[in-house]
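Reader: Hello! I am new to this structure and would love a close look at one part of it. Could you take me through the open and enclosed spaces, and then whatever else catches your eye?

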Amino acid sequence: MGDTKTQFSALRKPLDVIPSELAAPSDYERLASEFIGAATLAQIAGGSGGEQSLHANLRALADIELHSRILQDLKEASTRVTLLGQPFRHPVLLAPVSAQTLVHPQGELATAAGAAEQEAGLVVSTLASKPMEEIAAQTDAPKWFQLYIQPSREHTRTLISRAEEAGFGALMVTLNAPIQAPVYRALRAGFALPDHARPANLTDSAPRLQAVLQPDQSPVFQGVMSKAPGWDELAWVLEQTSLPTIAKGITHPQDARRLVDMGIDCIAVSNHGGRALDAMPASIHSLPEIREAVGDDFPLLMDGGIRSGYDVFKAIAMGADAVMIGRLQIYALAIAGHLGVAHLIKLVRDELEFAMALSGCASIENIGRECLFARTSL
């Protein structure tokens, strides 16, 4: 890979205690470069294209302001939520992130252990660098499996069956990334995926055959996209499982409505952390339209730009039932393994509780648009 031995020797080793310099969730991002090699960090932190969507996520959340309320009774306040019939201590889940052994030898096993310590929901990627069964065994907290539909139905069915047998409580199908747009920051840094971080759950899958193209054909349209799944393939996936199924990567209300009509149980509003189509709106900006399209009671998740408990509060106020955290969990994993992941979740949950306390919200259900200061239209 692009990181040299010299670069690695200069990196700090994962911590086994949490120092005072890790006081806020943002500190994990601030210190990440001391624990993650430059090329790997470029791959993790970068976005597709000109990174407009990546930065839009952060700007949009930062621009939202909150109302403070006084003299509210919060003695019985709680962050508990129920999603897809499953109880959660708080609405902070860990998003599916691939190849976690890039930053820590235990990879997803340590992430799952950290999630278990804080009773946080965990979503495990198809492209995890550890087998899904081993990851599932690390946590008694709610866990879901994220599915990329494979070119072969046989291999897709195998992944679904394994997830069911391993005890995952839901299936999250990512739909907005049938092709990986270039992460130019990583290409410039010389990043290449090392063997130890390759997907552990696809070892039985047949290799993707490269299409033989004519000179006038496109490697995108007649190449990769010729094998991309369509609506019929998603309908087939729904027939293969009795698990609740979540559609991830939804930003257009017409897509959301069609998904509800075909029987999807939950939608995750997401621009893929700015790593799919560039120049998309921030996930938080897409959220209200999706909420209007699916109705008040349909379960909605959101990811993209979440960096604090205050961001969690804002997303819920804008229509989400819960949020997923992506990059921050990887920074925490790199810095302090399972201890870092657990500490990060605690910091985010604490900030969410501070926001609820000072805005007068005794429950997640109390967090709504009236909590937002309407300086500009949202």
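Author: Let's start with the second largest pocket, whose lining is made up of 15 residues. If you want to find its centre in this predicted model, look for R291, D296, A320, D321 and E365, the lining residues that lie nearest to that point. The space in this pocket comes to about 370 Å³. Among the elements around the second largest pocket, strand β2, which covers residues 81-83, gives the most to the lining, with 3 residues. As for chemistry, the lining of this pocket divides into 8 nonpolar, 2 polar and 5 charged residues.

Now for the enclosed space. Rolling a probe the size of a water molecule over the atoms shows where empty space is left. Searching the whole structure turns up 1 cavity of 30 Å³ or more. The largest cavity holds about 50 Å³ of space. You can trace its lining along the chain: A95, V97, Q100, E108 and T111 are among the residues there, and so are L122, V123 and V124. Also in the lining of the largest cavity are S125, A128, I135 and Q329. Two elements, α5 (108-117) and β5 (121-124), each supply at least two of the lining residues. Of the elements that contribute, β5 gives the most, with 3 residues. By type, the lining of the largest cavity splits into 7 nonpolar, 4 polar and 1 charged.

With the spaces covered, here are some side chains to look at. R349 has its place in helix α14, which runs over residues 327-359. Is R349 buried or exposed? R349 counts as buried because its relative accessibility is 7%, and the cut-off for buried is under 20%. The side chain of R349 also has a partner, making a polar contact with the side chain of Q118 at 2.7 Å.

Another arginine to find is R258: its charged end sits over the ring of W231, 4.0 Å from the ring's centre.

Finally, the rings. The whole structure contains 2 aromatic pairs. In one of them, F88 and W144 meet edge-to-face, with 5.8 Å from centre to centre and 75° between the planes. This pair links distant parts of the chain, since F88 belongs to strand β3 (residues 86-88) and W144 to strand β6 (residues 143-147), 56 residues apart. Both F88 and W144 are buried.

Definitions and conventions. Residues numbered from 1 in each chain as written. Predicted model: local features only at pLDDT ≥ 70, side-chain atom pairs only at ≥ 80, totals over all residues. Heavy atoms only, no water. Phe/Tyr/Trp six-rings, centres within 6.5 Å; stacked < 30°, edge-to-face > 60°. Helix = DSSP H or I, 4+ residues; strand = E, 2+ residues; numbered from the N terminus. Buried < 20%, exposed > 50% of the residue type's maximum accessible area, 1.4 Å probe, protein only. Lys NZ or Arg CZ within 6 Å of the ring centre and 35° of its normal. 1 Å grid on protein atoms, 1.4 Å probe; cavity = no way out; pocket = protein on both sides within 12 Å on 5 of 7 lines; lining within 4 Å. Points joined across faces, edges and corners; volume = space filled by probe spheres on them. Nonpolar A, V, L, I, M, F, W, Y, C, P; charged D, E, K, R; others polar. Polar contact = N/O pair within 3.5 Å; in protein donor to acceptor, adjacent residues only side chain to side chain.
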